[in-house]
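Colleague: I am new to this structure and would like to understand how its descriptions are arrived at. Could you take me through them with the reasoning spelled out?

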Amino acid sequence: MGRFVYSMQVSLDLRIEQVPGDNGAGEWLRLGEELHREANALTRALALMVHGRVYYEVMEEFWPRSHEDESLPDFMREYGEIWTAKPKVLVSRTRRSADHNTRIIGGDDAIEQLAALRAGTDGSISVGGAALATQLLRAGLLDELLLFTHPSILGFGRPLFDDYDRPIDLDLLEQRSFEQGVTMHRYAVQDAKEAGSC
């Protein structure tokens with residue numbers, strides 16, 4: 001059985017955007033080479049990536065062309081190659097087509113389709129997008145959080161989860177420190193369902 005892993009850059013107060021649309025490019029983020037190379041390695045090891053529509057459209061706007069941009073450092077060009085080649089699933093009610101090794105699922109049974117995808121996948125499946133991660137958490141299908149915490153308190157902005165008001169019990173699986181004060185914490189979600197109970 002696969003594991004859904006919600007990986008996100010967050011502030012100390014668990015915000016993922018300071019203003020709508022900053023989409024991982026806010027000035028509060030400290031994305032150095034060491035952290036980016038770790039993201040490359042983690043992404044390369046994934047079995048699959050699942051993105052919500054907004055998150056996917058941010059990614060597809062930049063990364064497929066990045067590997068040809070000589071103005072970018074090599075580790076960013078490398079990530080562009082990894083993202084473009086990695087098998088992806090776009091969860092959307094409105095998109096009908098997508099490139100870059102992406103298939104689309106949607107409709108009223110999207111969560112059931114994602115449960116089947118999780119059950120039939122061997123390895124980690126990254127989750128991109130707060131709305132999608134919140135839906136998976138509500139359904140008991142989110143297995144892990146992988147949080148890269150930046151030493152900033154934003155005080156406002158989009159939270160890690162959308163409109164979620166129940167306690168979440170976590171087990172710490174791993175922690176690391178990176179340059180510029182960024183820390184990584186990987187947690188297991190205690191209430192995630194087993195494949196047979198989906």
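Modeller: Please keep in mind that this is a predicted model. A good place to begin is the pair β4 and β5, which run parallel and are joined by 4 bridges. Within this pair, Val89 stands opposite Arg103 in β5.

Colleague: What makes β4 and β5 paired strands?

Modeller: Two strands pair if there are at least two bridges between them, and β4 and β5 are joined by 4 bridges, so β4 and β5 count as paired. The strands β3 and β4, parallel and likewise joined by 4 bridges, meet the requirement too, and there His51 has Leu90 as its bridge partner in β4. Strand β3 (residues 48-52) is also joined by 4 bridges to β6 (residues 124-128), again running parallel, and in β6 the bridge partner of His51 is Gly128.

Colleague: Which order do the strands take in the sheet, and why is one side of β5 and of β9 left without a neighbour?

Modeller: The open sheet has 8 strands in the order β5-β4-β3-β6-β1-β7-β10-β9, with mixed pairing. Because β5 (102-105) and β9 (170-177) stand at the edges and have a single partner strand each, one side of each has no neighbour in the sheet. On average, and ignoring direction, neighbouring strands here are turned by 25° against each other.

Colleague: How do you know that Ser126 is buried, and where does Ser126 sit?

Modeller: Ser126 is in strand β6. Its relative accessible area is 10%, and the cut-off for buried is under 20%, so Ser126 is buried. Apart from neighbours within four places in sequence, Ser126 is in contact with Val5, Leu46, Leu48, Met49 and Val50.

Colleague: What covers the description of β4 as having both faces covered?

Modeller: Lys88 and Leu90 on one side, and Val89 and Val91 on the other, are all buried, and that is what the description of β4 rests on.

Colleague: Why is Met1 called partly exposed?

Modeller: Met1, which lies in the segment before β1 (3-11), has a relative accessibility of 39%. Buried requires under 20% and exposed requires over 50%, so Met1, with a value in between, counts as partly exposed. Met1 and Asp122 are 121 residues apart in sequence, yet their C-alpha atoms are 5.4 Å apart in space.

Colleague: Turning to the helices, why are α2 and α3 called oblique to each other?

Modeller: The axes of α2 (residues 53-66) and α3 (residues 74-85) come within 8 Å and cross at roughly 120°. Roughly perpendicular covers 65 to 115 degrees and roughly antiparallel begins over 145, and the angle of roughly 120° fits neither, so α2 and α3 are oblique. Their crossing is left-handed.

Colleague: Which residues make the contact of α2 with α3?

Modeller: Tyr56, Met59, Glu60, Phe62, Trp63, Pro64 and Ser66 in α2 meet Met76, Arg77, Tyr79, Gly80, Trp83 and Thr84 in α3. Sorted by class, this contact has 8 nonpolar, 3 polar and 2 charged residues.

Colleague: Which residues of helix α5 are buried, and what follows that helix?

Modeller: In α5 (residues 130-138), the buried residues are Ala130, Leu132, Ala133, Thr134, Leu136 and Leu137. Just after α5 comes Gly140, which takes a positive phi of about 75°.

Key:
Residues numbered from 1 in each chain as written. Predicted model: local features only at pLDDT ≥ 70, side-chain atom pairs only at ≥ 80, totals over all residues. Heavy atoms only, no water. Axes fitted to C-alpha atoms, helices over the stretch in contact; angles between N-to-C directions. Helix = DSSP H or I, 4+ residues; strand = E, 2+ residues; numbered from the N terminus. Parallel < 35°, antiparallel > 145°, perpendicular 65-115°, else oblique. Left-handed = near helix turned anticlockwise from the far one by under 90°. Contact = heavy atoms within 4.5 Å. Nonpolar A, V, L, I, M, F, W, Y, C, P; charged D, E, K, R; others polar. Buried < 20%, exposed > 50% of the residue type's maximum accessible area, 1.4 Å probe, protein only.
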